[in-house]
Amino acid sequence: LKGEDVLKELFDTLGKALNSYALAIWKTDGNFLRIFVVNGLSQDYYDYFIKNPFSLLDPTISNTAVGRVALTWKPAFITDFWADPKIKNLPRSIIEGVRKESFNSVASFPLIVEEKLFGVLNFYFLEKQEYSPSEKYIFQVAANTMAIAIGNAQYRQESKDAQVALLNMLEDTEEARVQAEEERRKTEVIINNFSDGLLFFNKEDKLFLINPQAEIFFGIQDI
């Protein structure tokens, strides 16, 4: 997916509007959930999950908010990360990574594009969040906006790919036409300059080509 710059600009806008210190999109990739685009998180955090994506086949993925959302397609909220009992089931490397990022609360939403799960949008907060109904609604609207942006970016890329494929096909067709025309011209030159008279018949035994020498021989050059 191209257009990540557009998504990052939208990240900045949403982050400021929702008072979130960081955002991330996790993208489904077969049986894996990979970190895709981030804003506000460290490079180390990003690099770790690039090398260690979540497996959707691993039942322990449900211990994370992003994993629960990927499995259920429903929002998930962690009010206090360090008070969540599921934290003890996470790998130590993930716990240490979260500790370095200093966030305490996470809100996760499915990004559904064309009735398919594109991935998960995470909002990260430094302070504990209670997530009132009105806040959840606002976050959901923000997630829907992000999904629309992703869908538009995909459509533009698919349209561009289709256009490129069509242009390539037309170029190939034109090249084939030019090549065929050149081969026909060469063949005509050879036939026309052949010292003997030549007649060519098709499968129906109908004459379709005769060279000048044959025309002279049969006296039909002026017909």
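# A buried asparagine, an enclosed helix and a six-stranded sheet

At a relative accessibility of 13%, Asn63 falls under the 20% limit and therefore counts as buried. This value, like the others given here, comes from a predicted model. Asn63 is placed in the loop that lies between β3 and α3, and, once its neighbours within four places in sequence are set aside, Asn63 is in contact with Arg68, Lys86, Asn89 and Leu90. One of these partners, Arg68, is itself among the buried residues of α3, and that helix is a useful place from which to follow the rest of the structure.

Before going there, an outline of the chain may help. The chain has six helices and eight strands, and, read from the N terminus on, its elements follow the order α-β-β-α-β-α-β-α-β-β-α-β-β-α. Of its 223 residues, 35% count as buried. Among the contacts in the chain with a separation of 6 or more, 50% are accounted for by residues 24 or more positions apart. The accessible surface of the chain comes to about 14100 Å², and carbon and sulfur atoms hold 55% of that surface.

How is α3 placed with respect to the rest of the structure? Six of its eight residues are buried, so α3 is largely enclosed by the rest of the structure. The buried residues of this helix are Ala65, Val66, Gly67, Arg68, Val69 and Ala70. Their cover includes the strands β1 (22-29), β2 (32-39), β3 (54-55), β4 (76-78), β5 (105-113) and β6. Just after α3 comes Trp73, a residue with a positive phi, near 65°.

The strands that contribute to this cover also belong to a sheet. In general, strands of a sheet pair through backbone hydrogen bonds, in either a parallel or an antiparallel manner. Here the sheet is open and has six strands in the order β3-β2-β1-β6-β5-β4, with antiparallel pairing. Its edge strands are β3 and β4, each of which pairs on one side only.

Starting from the β3 edge, β2 and β3 pair in the antiparallel sense over two bridges, and Phe32 has Ser55 of β3 as its bridge partner. The next pair, β1 and β2, is likewise described as antiparallel and is joined over seven bridges, with Leu23 standing opposite Asn39 of β2. These two strands form a hairpin with two residues between them, in which Gly30 takes a positive phi near 65°. At the other edge of the sheet, β4 and β5 run antiparallel and are joined by three bridges, one bridge partner of Phe77 being Ala107 in β5.

The helix α3 also leads to the interior space of the model. The structure holds one cavity of 30 Å³ or more, and the largest cavity contains about 180 Å³ of space. Its lining is made up of 20 residues, of which Tyr45, Thr64, Ala65, Val66 and Phe81 are the closest to its centre. Two of these names, Ala65 and Val66, have already appeared among the buried residues of α3. At least two lining residues come from each of α2 (43-51), α3 (65-72), α4 (92-101) and β6 (116-125), and by class the lining divides into 15 nonpolar, three polar and two charged residues.

A pocket may be set beside this cavity. The largest pocket has a volume of about 160 Å³, and, of the 13 residues that line it, Phe54, Asp58, Thr60, Pro91 and Ile94 are the closest to its centre. The lining of this pocket holds seven nonpolar, five polar and one charged residues.

A last stop is helix α5, which spans residues 133-192 and contains Thr145. Is Thr145 buried, exposed or partly exposed? With a relative accessible area of 35%, Thr145 lies between the 20% and 50% limits and so is partly exposed. Thr145 and Leu111 are 34 residues apart along the chain, and their C-alpha atoms are separated by 9.4 Å.

How values were computed:
Residues numbered from 1 in each chain as written. Predicted model: local features only at pLDDT ≥ 70, side-chain atom pairs only at ≥ 80, totals over all residues. Heavy atoms only, no water. 1 Å grid on protein atoms, 1.4 Å probe; cavity = no way out; pocket = protein on both sides within 12 Å on 5 of 7 lines; lining within 4 Å. Points joined across faces, edges and corners; volume = space filled by probe spheres on them. Helix = DSSP H or I, 4+ residues; strand = E, 2+ residues; numbered from the N terminus. Nonpolar A, V, L, I, M, F, W, Y, C, P; charged D, E, K, R; others polar. Buried < 20%, exposed > 50% of the residue type's maximum accessible area, 1.4 Å probe, protein only. Contact = heavy atoms within 4.5 Å. Pairing = 2+ DSSP bridges. Areas by Shrake-Rupley, 256 points an atom, 1.4 Å probe, with all protein chains shown as cover.
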